[in-house]
Amino acid sequence: MPISIADETADAPQTAKTGPMAGKKNIVVLGVTSGLGRRLAESILARGLTPVGLIGEAGHSESLRAAGTEPLVIASEADRTSPAALRAMGECGGIAVATGTGWNPDATDTLSSSLVGELMGVAQFVGIRRFVLVSAYLPDDELRTRLGDELESYLAEKRDVERKLAGHDLDWCVVRPGMLDNSPAIGLVTVRGGADPQPEGTISRADLAETICEALFAPEPVRGVLAVSAGAQPIRAALDSAPQATV
């Protein structure tokens, strides 16, 4: 399937004037059709940039465009490094992986760890510095039941992707959220850093999306592995105060 991008004859979005996104107009989002991905796209739009949603087939393109997201179809390995894809990504200031990075038995928009690894290389090739990866979250009882004996494999593959990201010369951040829910955003979180941080409790998808955006847009890079859950500290302050460590 050929690669597809939004109508290039449309009015171009404004580029960021200052900060780490200066001169850029887009942010790449993997998992844009997930609950978290949709909220992340909204947060990116609110900051004046356009989310570029990587999708495996063109069926979601119309609804994404209607919501302000530029769809980019990557139906094959060749699509991911095609001139059109590299041109589109070259206009981006950051990449966010907002869906599963490991084994998931029934998610239609889950991207494999190998694809995420390829995207890390593409980021370096086109000069994207900011890369935020949403990694292992706390599986709820339903997911634990579905995964069964595969739970350890699921979590192990996520850790493997974290290690691969840590090996790249990027301003990378791994976000390990607590169990996700659909409660309204409150803008207050707890962020834990240090060695192998683990989240506690829950976090709303809306607040997690805002946390990812804060990491992407922060004046100074937010690096390392951070566990994020609902809390009592404003998001930017929580990110600034958390100890940062690699995997």
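## A guided tour from helix α1 across the sheet

Begin by selecting L40, which lies in helix α1, where helices (H or I, at least four residues) and strands (E, at least two) are DSSP runs numbered from the N terminus. The model on the screen is a predicted one, in which local features need pLDDT of at least 70 and side-chain atom pairs count only at pLDDT 80 or more, while totals for chains, interfaces and linings use all residues. Residues are numbered from 1 along each chain as its sequence is written, and side-chain values use heavy atoms, with hydrogens and water left out.

**Stop 1: L40 and helix α1.** L40 is buried, at 0% relative accessibility; buried means under 20% relative accessible area, exposed over 50%, and partly exposed in between, with a 1.4 Å probe and protein chains only. Leaving aside residues up to four places away in sequence, L40 touches V29, A96, A98, A209, I212 and C213, a contact being heavy atoms within 4.5 Å. Now select C213 as well: this residue is 173 residues from L40 along the chain, yet their C-alpha atoms are separated by 7.3 Å. Widen the selection to the whole of helix α1, residues 35–46, which lies across β1 (26–30), β2, β4 (92–97) and β5 and runs at about 155° to β2. For that angle, axes are lines fitted to C-alpha atoms, for helices over the stretch in contact, and angles run from 0 to 180 degrees between N-to-C directions.

**Stop 2: the sheet as a whole.** The strands under discussion belong to an open sheet of nine strands with mixed pairing, in the order β3-β2-β1-β4-β5-β6-β10-β8-β11. Its edge strands are β3 (70–73) and β11 (233–234), each of which pairs on one side only; two strands pair if DSSP finds at least two bridges between them. In general, strands of a sheet pair through backbone hydrogen bonds, either parallel or antiparallel. At the β3 edge, select β2 (residues 50–55), which pairs with β3 in the parallel sense over four bridges, and look for I55, whose bridge partner in β3 is V73.

**Stop 3: strand β6.** Move along to β6, residues 171–177, where seven of the seven residues are buried. D171, C173, V175 and P177 point one way from the strand, and W172, V174 and R176 point the other way. β6 pairs with β5 in the parallel sense over five bridges, and L133 has V174 as its bridge partner there. β6 also pairs with β10 in the parallel sense over five bridges, with V175 standing opposite L226 in β10.

**Stop 4: E162, S135 and R176.** Select E162 in helix α7 (residues 151–166), a residue that is buried with a relative accessible area of 0%. The side chain of E162 is joined to that of S135 by a polar contact of 2.6 Å, and to the side chain of R176 by another of 2.7 Å. A polar contact is a pair of N or O atoms within 3.5 Å; within protein, one must be able to donate a hydrogen and the other to accept it, and residues adjacent in sequence count only if both atoms are side-chain atoms. S135 is found in the loop between β5 (130–134) and α6 (141–147) and counts as buried at 1% relative accessibility. Beyond residues up to four places away in sequence, S135 touches K158, E162, V174, V175, R176 and P177.

**Stop 5: strand β8.** Continue to β8 (residues 188–192), where V189 and V191 point to one face and are buried, while L188, T190 and R192 point to the other and are not buried. β8 runs antiparallel to β10 (residues 224–230), to which four bridges join it, and V191 has V228 as its bridge partner in β10. β8 also runs antiparallel to β11, with two bridges between them, and L188 stands opposite P234 in β11.

**Last view: the whole chain.** Show the complete protein chain, whose secondary structure comes to nine helices and eleven strands. Of its 247 residues, 49% count as buried. Among contacts with a separation of 6 or more, 69% are between residues 24 or more positions apart. Finally, select C92 and C173, each of which is buried with a relative accessible area of 1%. The count of disulfides comes to zero, a disulfide being a pair of cysteine sulfur atoms within 2.5 Å.
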